[in-house]
Structures are given as C-alpha cells and as structure tokens.
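Okay, thanks for coming, everybody. I'll put the structure up and talk you through it, one piece after another.

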Amino acid sequence: MSEELVACHDCDLIHRIGGHAEGTSGRCSRCGALLFHAKRNSIERTLALTIAGVVLYLVANSLPFLSFDIQGRVTETTLVSGIRELWGENMFSLSGLVFLTAVLAPGAQLALLAYVLVPLYFGRMPWNLHLALRLLGWLQPWSMMEVFLIGILVALVKLGDMAEIVPGLAIWSLAVLIVVLAWATVSLDNRALWRRVPVAST
Amino acid sequence: MSAVGSARSQGMVGCHACRLLVGLSSGASAGAVCPRCRAPLHSRKVNSIRRCWALLFGAAILYIPANVLPIMTTKYLGNSEPDTIMSGVLFLLEDEWPLALVVFVASIVVPLLKLVVLGYLLYSVQSGSSWRALDRTRLYRIAEAIGRWSMVDIYVVTILVALVRLDQLASVDAEIGVVFFGAVVVLTILAAQSFDPRLIWDRMEESNG
C-alpha cells in the first residue's frame, strides 16, 4: 500500500501513514488529534443514512412539531413558523441565525451528501466534488439541530403550567433525524473522498 | 506510522480544507492555492491572534447587555413579565432542576468559559509559554466543541414566540437581549474558529531549538 504524508491539523507535526485498510485509524503522536479514520463501507452506509435523513427532514419541516392548547384555543408551530415570527418582530439577524443553524445548514448538508454520494455509488464522479466537500466542511459547525431539540424540551417545561402541549409527529422525526445525521457525519470517510479529487500538477 | 517534524519546518503546508500536504517553493506562499481543492494555502491561520482577540473583546462587551436586558416578555392573563437569561434559569429551577442546570451551563457558563479559555490561550501563545502544550491543545478542543450549546436559549425564545401568540390571552415576545446574546454566541464561535492551536506548538519547537 502507498504511503502518504499528513500534517496534524492541531499541531502541524508531519506523519507518514501507510495503508488505507478499512477500519483503521491513527492519532497524532504529539497532540492526540485524529489524523485519519478509514471507515467501512463508507459510501453505501452514508448514502443509506442520507436517504433516510432526507425523508425525515421533509417530515420534520412540513408538519407541526408542537401544538399549544390553552382553554380550547389551539396554535401549532412548525420549524419555519418561529423563524417567520421573529422576522415579523424585526429581529432579522436572530431570525437568520435560527434559520441557518436549524433549517438551512442541516438541509444543505443532506443535499450535498446526496449530491456527492449518489454518483459515487453508481461509479461516477460528481461534478466539482472539491467544492461540495469544502462546503460540507464549512457547514458542519453551523448545523445545530441537536441543540434545537434541547430547546424544544426547555420550551415544553416552561409552558407546562400555562397550557396543554401536544408533541406532533415532526418532533419524533426531528429526534430520529438528529441521530441519523450525526451517524452519517461519522460514517463519512472524508480522506477517502478527498483522494478521489485529482491533484493539479504545478 | 512515524513522525518527521512540523510541516512548517519542512517548508510544507497542510491544506486546512482538504488536508493535502503541499510543498511550498520559497516565495510562493503569498496567494498560493491548494492544487487539490483550490482553497487558499496558509501555514497558520491568517492574523489568528489579532482576529481572535478582536472577536473576544466584542463578545465580552456584548455579554453584559445579553445578560442584563430581558430576552423575552411573557403576557399571560393581563400580566406582563420580562425574562432575562438568569430569571429563565431560576424559573426552571422550581420544577425541573436538571433542565435548569443544562440551561445555566449552556447560556451562562459556556460563553464565560470560552472567553476565559480563549483569552488565556492567546495570552499563553503571545508570552511564548511552552507550559503543558498538550493540555492547552485539549483546552482549545473543549472550547471549540461546547460553543454550539449556547444556542439553546435562542431556540427556546424562537419556539415560545411561535407557539404562544393568542393576543390578549397569552403571548410571548422576543426582546432585544436575545439579539445581544445571539451575537455573543456567534462571536465566540468565530473566535474559536480563528484561533490556531498550532501556535501553541510553534513555541515548543522554537524553545527546543
């Protein structure tokens, strides 16, 4: 197997790593950062999770996740309606932040994963793979659905005394989606994908 | 697997986006791009220390109005009650203390911890410290990982505003404090991203000769 040089992204120490056998991983000998982790069946597994994620995402975004019943009057809320309310109260920056972190970033992550993995599964190269991978890397820290779920829990408790709260179907798909998306992120083998991108000779 | 010195000492740069190790011919460093992913190549993050300090100062200043000003107002049966971040925690403490602890840590402890930890790391790098580099690197990883959890309170306000909107009977409105708080969260996340942990190790190599 060919050897490769990799610099640790946390301390810059160069390592010579050999072999890309699935299931192997290596850490920096100086600072302990993960240098690489070759995943098993990365493309198939991540694609399956992405497809499940897309379905869950559509459900989570189109159905109400909470309904609020106070003396017989019921209001329902979807992911997007809170963002719209904030916008309506002239809190544009905040509304944009919630939209980015709870709706746009996870959705774009799923779309990009599908864009990258579907062609690769059928043995083709996705167009501009390097841009898709860079965008995925950029989006990841801004995708915060798991934090959103904790926010729902806190909101439920706060309203407990005031009214009857009925969790909707979207809350369950959101909970499963968080697990599926986290799992997809873990099963994605970034290094193996990057190896498919040709290196321009200078 | 064997280690052979830092990339910088070998005249190479690890691409921050795709992690390809690129050899730089001398003088080519300015404006060079990665031959694989075409991201700009930088041996270290650009202006890491100054940018991180600036973002930290901004966050520290905004941390005050974020905690003093109300983040939302609850109108219920004719009563109007403003809520700050701390009063929200105290409210939860009454019947759900584990959740109160989560919100307290996420909204008050995490931003403060990030300010202190990043400030300390910047100071230690600037003063050329070579003390416990491994632990300082771990400290950085923690500071970078926990920032997202501060978003909890912002989501709570968003959900309450969307859910409770029955004009006279009950309604929740977002207040300006939550905007300051959102800015604190974003600035501390950007500050953590702009700090370069490799600076911690550069001093080590210089002092080892």
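**Two chains and where they meet**

So, chain A has 7 helices and 7 strands. Keep in mind as we go that this is a predicted model. If you walk along the sequence of chain A, the pattern reads β-β-β-β-α-β-β-α-α-α-α-β-α-α. How spread out is chain A? Its radius of gyration is 21 Å, and the globule rule gives 17 Å for 202 residues, so chain A is more spread out than a compact globule. The C-alpha trace of chain A spans about 70 × 40 × 30 Å along its principal axes. As for burial, 35% of the 202 residues of chain A count as buried. And if you take contacts in chain A between residues at least 6 apart in sequence, 58% of them join residues at least 24 apart.

Now chain B. Here too we have 7 helices and 7 strands, and along the sequence they come as β-β-β-α-β-β-α-α-α-α-β-β-α-α. The radius of gyration of chain B is 22 Å, well over the 17 Å from the globule rule for 209 residues, so this chain is also more spread out than a compact globule. Along the principal axes, the C-alpha trace of chain B covers about 70 × 35 × 35 Å. Of its 209 residues, 41% count as buried. For chain B, 65% of the contacts between residues at least 6 apart in sequence join residues at least 24 apart.

Okay, on to the contact between the chains. How many residues does each chain put in? Chain B brings 58 and chain A brings 57. On the chain B side, the element that gives the most is helix H5, residues 152–163, with 10 residues. By class, the chain B side that touches chain A has 41 nonpolar, 8 polar and 9 charged residues.

Let's stay with H5 of chain B and see what it meets. One partner is helix H3 of chain A, residues 92–121: the two axes come within 11 Å and cross at roughly 105°. With 65 to 115 degrees counting as roughly perpendicular, that crossing makes H3(A) roughly perpendicular to H5(B). Which residues make this contact? From H3(A) it's A:Leu94, A:Leu97, A:Val98 and A:Ala102, and from H5(B) it's B:Ile154, B:Tyr155 and B:Thr158. Sort those by class and you get 6 nonpolar, 1 polar and no charged residues.

Next, a sheet in chain A. It's an open sheet of 3 strands in the order S6-S5-S7, with antiparallel pairing. Strands S6 (73–77) and S7 (164–167) of chain A are the edges, each pairing on one side only. From one strand to the next, the twist averages 20°. Strand S5 of chain A, residues 66–70, runs antiparallel to S7(A), and 4 bridges join them. To pick out one pair, A:Ser67 has A:Val166 in S7(A) as its bridge partner. And here's our helix again: H5(B) packs on this sheet, touching S5 and S6 of chain A, and its direction makes about 140° with that of S6(A).

Last stop, a single residue. A:Ser81 sits in helix H2 of chain A, residues 79–88. A:Ser81 has 19 C-beta neighbours inside 10 Å, so it counts as partly exposed; buried would take 20 or more. A:Leu120 is 39 residues away along the chain, and the C-alpha atoms of A:Ser81 and A:Leu120 are separated by 36 Å.

Technical notes: Residues numbered from 1 in each chain as written. Chains lettered and ligands numbered in written order. Predicted model: local features only at pLDDT ≥ 70, side-chain atom pairs only at ≥ 80, totals over all residues. Contact = placed C-beta atoms within 7 Å. Helix = DSSP H or I, 4+ residues; strand = E, 2+ residues; numbered from the N terminus. Nonpolar A, V, L, I, M, F, W, Y, C, P; charged D, E, K, R; others polar. Pairing = 2+ DSSP bridges. Axes fitted to C-alpha atoms, helices over the stretch in contact; angles between N-to-C directions. Parallel < 35°, antiparallel > 145°, perpendicular 65-115°, else oblique. Rg over C-alpha atoms; globule rule 2.2 N^0.38 Å. Buried ≥ 20, exposed ≤ 12 C-beta atoms within 10 Å, placed from the backbone.
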